[in-house]
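Student: Hi! Could you walk me through this one with me? I'd like to start with a single side chain and work outwards.

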Amino acid sequence: EYQLLVVEEDVVLSEATNPCDPDTDDDGLLDGDEVNSVYGAGASSPTDADTDDDGLLDGQEDRDHDGVWQPEGETSPLVRDTDSDGLLDGREDVNANGVVDEGESDPLTPDTDGDGLLDGLEVNAAGTDPTTADTDQDGLGDGLELGVFGDLDPNSITNPLKADTDGDDVEDGAEDLNKNGRVDANESDPR
């Protein structure tokens, strides 16, 4: 096996690319394309298959392998969480195919389901599903139930994981008829 190192005064400074292998780190990008890449904040590493350590190989993130980041269709090989939603890109594109498949959140959209909650908040704190706007299927969106999106009374929080928060055998969405998060005339309190 060929291995080249950059050494100065008996100290290894960096690993150089292998001149016998056009893709030293086997990430799907040619070494020359990585060295000359333009991903906004710099170049990806030709000796590290996952430069940003987000769980996706650099070649999976630069889908067209041109060394240029296209924000409208590619995650960044230099940014662990391209959409800044609190989830690593590799945690969102679980099968690393560059397509948002069923059960995956979108690494390019901070709120995949449009419920007003960042995907990372849903997964890491709320326990809700970032791919379904209404996790408990009660007719009220998760963001509304938690009092952060479209709620006219943020103090009237209901449980987005429980369709009938107050246990009265009437789903929360049937109690908040106009779905505004406030208990209005002719509505019962879902809390």
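Student: Is Arg 182 buried, exposed or partly exposed?

Tutor: Arg 182 counts as partly exposed, because its relative accessibility is 36%. Buried means under 20% relative accessible area, exposed over 50%, and partly exposed in between, using a 1.4 Å probe and protein chains only. This is a predicted model, where local features need pLDDT of at least 70 and side-chain atom pairs count only at pLDDT 80 or more, while totals for chains, interfaces and linings use all residues. Residues are numbered from 1 along each chain as its sequence is written, and side-chain values use heavy atoms, with hydrogens and water left out.

Student: Thanks! Which side chain does Arg 182 meet in a salt bridge?

Tutor: That of Asp 184, at 2.6 Å from N to O. A salt bridge here is a side-chain nitrogen of Lys or Arg within 4 Å of a carboxyl oxygen of Asp or Glu. Asp 184 counts as buried, because its relative accessibility is 17%.

Student: How many salt bridges does the structure hold?

Tutor: Two. Arg 191 forms one with Asp 189, and their closest N and O atoms are 3.0 Å apart. Arg 191 is partly exposed at 45%, and Asp 189 is partly exposed at 31%.

Student: Back to Asp 184 for a sec. Which side chain does it join in a polar contact?

Tutor: The side chain of Asn 180, at 2.8 Å. A polar contact is a pair of N or O atoms within 3.5 Å; within protein, one must be able to donate a hydrogen and the other to accept it, and residues adjacent in sequence count only if both atoms are side-chain atoms. The Asn 180 side chain also reaches the backbone nitrogen of Arg 182, at 2.9 Å.

Student: And is Asn 180 buried or exposed?

Tutor: Asn 180 is buried, because its relative accessible area is 9%. Beyond its neighbours within four places in sequence, Asn 180 is in contact (heavy atoms within 4.5 Å) with Leu 144, Gly 150, Asp 151, Leu 152 and Asp 153.

Student: New topic: what classes of residue line the largest cavity?

Tutor: Four nonpolar, four polar and eight charged residues. Ala, Val, Leu, Ile, Met, Phe, Trp, Tyr, Cys and Pro count as nonpolar, Asp, Glu, Lys and Arg as charged, and the others, Gly among them, as polar.
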